[in-house]
Amino acid sequence: MALLETRNLSKSFGGLQAIDNVSLSVDENSVHGLIGPNGSGKSTFFNLLTGVYQPDIGSHISFNKIDITNKPAHYIASQGLARTFQLLRLYGELSVLENVLVGYHPHTKYGPLAPLIMGAEVRRQDRLVKEEMMDLLEFIGLAEHAEIPAAELSGGQRRLLALGRAIAMRPKMLLLDEPGAGLSPVNVDNLMATILTLKERYNLTIVVVEHILKVVMATCDTISVLDHGQKISEGSPKFVKNDPAVVEAYLGREMADEDIKAAMNA
Amino acid sequence: MIVLSKLADLFEDLAKRHRLLPWLIAYVLLLPLPFVLAGLFNEYLIDLVNRICLFILLAVGLNIVKGFCGQVTVGHIGLYAIGAVTSAVLSLEPGGFGGALGFGWPVWLSIPTAVLVTAFAGLIIGLPSVRLQGAYLALATLGLGESVRIFIAVTPALGSSTGLMMIPAPSVGSFTLDSFTSYYYIVMTAALLGIYFSFSILRSATGRAFQAIREDTTAAAVNGINVIQYKLLAFVFSAVYAGLAGALFAHMQPGYLHHNNFTVIEMVTLLLMVVLGGIGNVWGGVIGAIVVAIAYDQTKDLVFYFMDRPIVIQPLVFGLSMVLLVMFMPRGIGGWIEDFQRNRRFIRRSEERLSGSTRNT
């Protein structure tokens with residue numbers, strides 16, 4: 001069953017057609033890969049899904065059978081669609097624990113004015129939530145750094161925290177924007193293993209944008225390929241790998257068949 | 001530093017017994033202050049302390065919108081003016097001096113009404129924040145704040161150039177709170193409650209939402225925070241503080257308000273308090289308010305003669321210290337406090353780890 005569906009999704013910035021009529025559906029409990037050369041519109045696609053950008057007229061996005069086209073970002077988040085950012089966008093001055101607590105925000109049981117009038121109840125709720133979030137930090141291996149500011153974490157730890165903050169939202173679907181960017185190959189493998197464990201543990205559907213094709217081929221059930229804002233191919237990793245349109249988009253027409261095979265298998 | 005460390009230890013130990021204990025002790029310790037000041041120095045200092053308490057309210061309120069939520073507002077003094085003038089006009093007797101409006105309400109009713117009116121005004125001053133950021137937001141709020149002052153200055157019903165006079169002091173039964181000492185208990189209680197509630201906000205999901213907006217607005221929205229709602233809420237919270245400070249200022253002796261109390265210079269003074277205190281740090285803001293209010297009071301009459309012409313140097317001193325602060329101490333006193341707390345926590349954790357490992361071996 002499709003959890004996320006886009007129909008005729010388009011977005012133009014002035015004269016540039018960043019996303020061009022993309023229709024795509026993501027099945028529940030699957031890992032869906034989104035690949036494409038630099039500037040092909042992958043990040044824009046995520047920004048449209050999560051309400052950071054508003055799509056052009058005629059576009060349609062539905063999530064969990066709810067129409068989320070043109071809905072504000074916080075509403076989409078509260079429906080259970082979480083994401084990470086390519087540049088992480090952590091709350092640098094807040095502690096690691098506070099970062100995941102902000103992620104939990106859509107599930108806060110008290111209103112914004114409650115701290116002024118029912119302090120005891122607010123503190124009780126916060127204590128419970130903090131315990132839950134410490135469990136999460138324990139699971140992703142950041143518990144001992146809970147009190148330090150996020151800005152002081154190492155690069156790899158920051159990537160984990162970005163993931164933890166999204167998981168704290170208890171989402172149904174998680175959009176990962178280049179989770180492995182800047183990590184060494186070994187660390188990327190570890191990160192993907194963590195992501196797959198999290199998927200099982202929290203019953204997630206995952207859409208992942210990634211440049212390291214080896215990782216995408218190994219973990220995804222379905223892959224969609226974007227080029228110049230258009231969906232040029234879609235299917236199983238095996239199908240996409242051998243689709244001439246994909247090979248052309250990535251490597252250009254001139255490269256010899258042998259070279260292409262070698263590059264794709266590297 | 002050692003004194004500060006001991007003080008922090010004491011505060012934490014007390015808070016462990018009961019959360020409100022340190023606050024109650026602070027309150028009890030502050031109770032005899034006017035008598036100590038009057039005995040050792042003079043009555044004037046009590047008046048200064050009262051004004052410091054109002055500045056603390058203003059600075060702590062400004063810290064919520066600017067420090068927690070990261071919205072640069074320069075219209076805070078306009079909110080202070082709205083609180084002051086509203087409460088004054090509501091409580092004045094009808095047909096007062098110089099064509100000023102008057103409704104003759106009891107003071108205990110006019111103050112909360114003024115706070116509500118100011119909260120609503122805060123919502124309006126906050127509206128530009130939905131679309132503007134940084135320096136543009138500062139300009140928009142500056143315009144709104146200053147237009148409040150000019151409106152007061154040209155409207156006879158609100159005092160215009162002569163100001164509002166004979167604003168009544170609050171009274172309890174037949175006892176009128178018109179002395180420095182009696183008024184001290186009102187403003188001190190208000191300031192302490194203001195600090196307490198500021199912490200309540202900071203340490204809740206509401207405070208975390210404010211800080212998330214400050215750190216990264218896009219990420220905050222994607223994390224499910226209704227950015228517009230929370231930004232406006234921060235403005236309303238800070239307006240409540242400003243409105244209360246303004247209303248309490250109006251009814252403080254000598255019960256006189258003039259639009260010169262609400263100029264851009266006052267706003268700069270207020271910003272200086274928050275910047276010196278460290279943006280976003282509640283105690284820093286309180287210390288900043290105390291230090292700057294005393295400095296303001298001491299340099300008020302400082303006149304420098306150049307070729308026999310008097311030059312008031314206070315604005316120069318304040319402007320210059322603002323520039324120096326931003327350049328050399330951008331995190332203010334609060335930055336020191338935070339570093340100090342972090343080091344203490346680090347030392348304590350290391351000690352625990354060390355003692356733990358010796359026990360294991």
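Which residue does H32(A) stand opposite in β8(A)? The partner is V207(A), and that pairing is a handy way into this structure, which is a predicted model.

Let's start with the strand that H32(A) belongs to. H32(A) and L34(A) point one way from β3(A), while V31(A), G33(A) and I35(A) point the other way. Side chains in a regular strand alternate between the two faces of the sheet. Here both sets are buried. In fact, 5 of the 5 residues of β3(A) are buried, so the strand is largely enclosed by the rest of the structure.

Now look to either side of β3(A). Toward β8(A), the two strands run parallel and 4 bridges join them. Toward β9(A), the pairing is again in the parallel sense, over 4 bridges. If you want a residue to click on for that second pairing, try I35(A), whose bridge partner in β9(A) is V225(A).

Step back and the whole sheet comes into view. Chain A has an open sheet of 6 strands, in the order β6-β7-β8-β3-β9-β10, with mixed pairing. Which strands stand at the edges? They are β6 (81–83) and β10 (230–235) of chain A, each with a single partner strand, so one side of each is left without a neighbour in the sheet. From one strand to the next, the twist averages 20°.

At the β10(A) edge, the partner is strand β9 (residues 222–227) of chain A, and those two pair in the antiparallel sense over 5 bridges. One spot to check there is D227(A), which has Q230(A) as its bridge partner in β10(A).

Two helices lie across this sheet. Helix α1 (residues 42–49) of chain A lies across β3 (31–35), β6, β7 (173–177), β8 (205–209) and β9 of chain A, and runs at about 150° to β7(A). Helix α10 (residues 244–251) of chain A lies across β3, β9 and β10 of chain A, at about 130° to β10(A).

While you are still in chain A, have a look at two arginines. The charged end of R201(A) sits over the ring of F139(A), 4.0 Å from its centre. R89(A) does something similar with F85(A): its charged end sits over the ring, 5.3 Å from the centre.

Next, the meeting of the two chains. Contacts involve 32 residues of chain B and 33 residues of chain A. Together the chains bury about 2800 Å², and carbon and sulfur atoms give 60% of that area. Which three residues supply more than any other three of the area that chain B buries against chain A? They are R208(B), V222(B) and N223(B), with 26%.

Another residue worth a visit is E215(B), in helix α9 (residues 205–215) of chain B. E215(B) touches Y91(A), G92(A), E93(A) and L94(A) across the chain boundary. Its relative accessibility is 23%, so E215(B) counts as partly exposed. Within its own chain, E215(B) is 148 residues from G67(B) in sequence, yet the C-alpha atoms are 11 Å apart in space.

Finally, let's stay in chain B for some aromatic rings. Over all chains, the count comes to 12 aromatic pairs. Take W23(B) and W283(B): their ring centres are 5.9 Å apart and their planes are at 20°, so this pair is stacked. The cut-off behind that word is planes under 30 degrees apart. W23(B) lies in helix α2 (residues 21–30) of chain B and W283(B) in helix α13 (residues 282–299) of chain B, so the pair ties together parts that are 260 residues apart in sequence.

Is each of these two rings' residues buried or partly exposed? W23(B) is buried, with a relative accessible area of 14%, whereas W283(B) is partly exposed at 32%.

W283(B) has another ring partner, F199(B), in a tilted pair with 5.5 Å from centre to centre and 50° between the planes. This pair also links distant parts of the chain: F199(B) is in helix α8 (residues 180–202) of chain B and W283(B) is in helix α13 of chain B, 84 residues apart. F199(B) is buried, with a relative accessible area of 10%. To put the rings together, W23(B), Y196(B), F197(B), F199(B) and W283(B) form one aromatic cluster.

Definitions and conventions: Residues numbered from 1 in each chain as written. Chains lettered and ligands numbered in written order. Predicted model: local features only at pLDDT ≥ 70, side-chain atom pairs only at ≥ 80, totals over all residues. Heavy atoms only, no water. Phe/Tyr/Trp six-rings, centres within 6.5 Å; stacked < 30°, edge-to-face > 60°. Buried < 20%, exposed > 50% of the residue type's maximum accessible area, 1.4 Å probe, protein only. Lys NZ or Arg CZ within 6 Å of the ring centre and 35° of its normal. Pairing = 2+ DSSP bridges. Axes fitted to C-alpha atoms, helices over the stretch in contact; angles between N-to-C directions. Contact = heavy atoms within 4.5 Å. Buried area = accessible area lost by both parts, 1.4 Å probe. Lists of a residue's contacts leave out its neighbours within four places in sequence.
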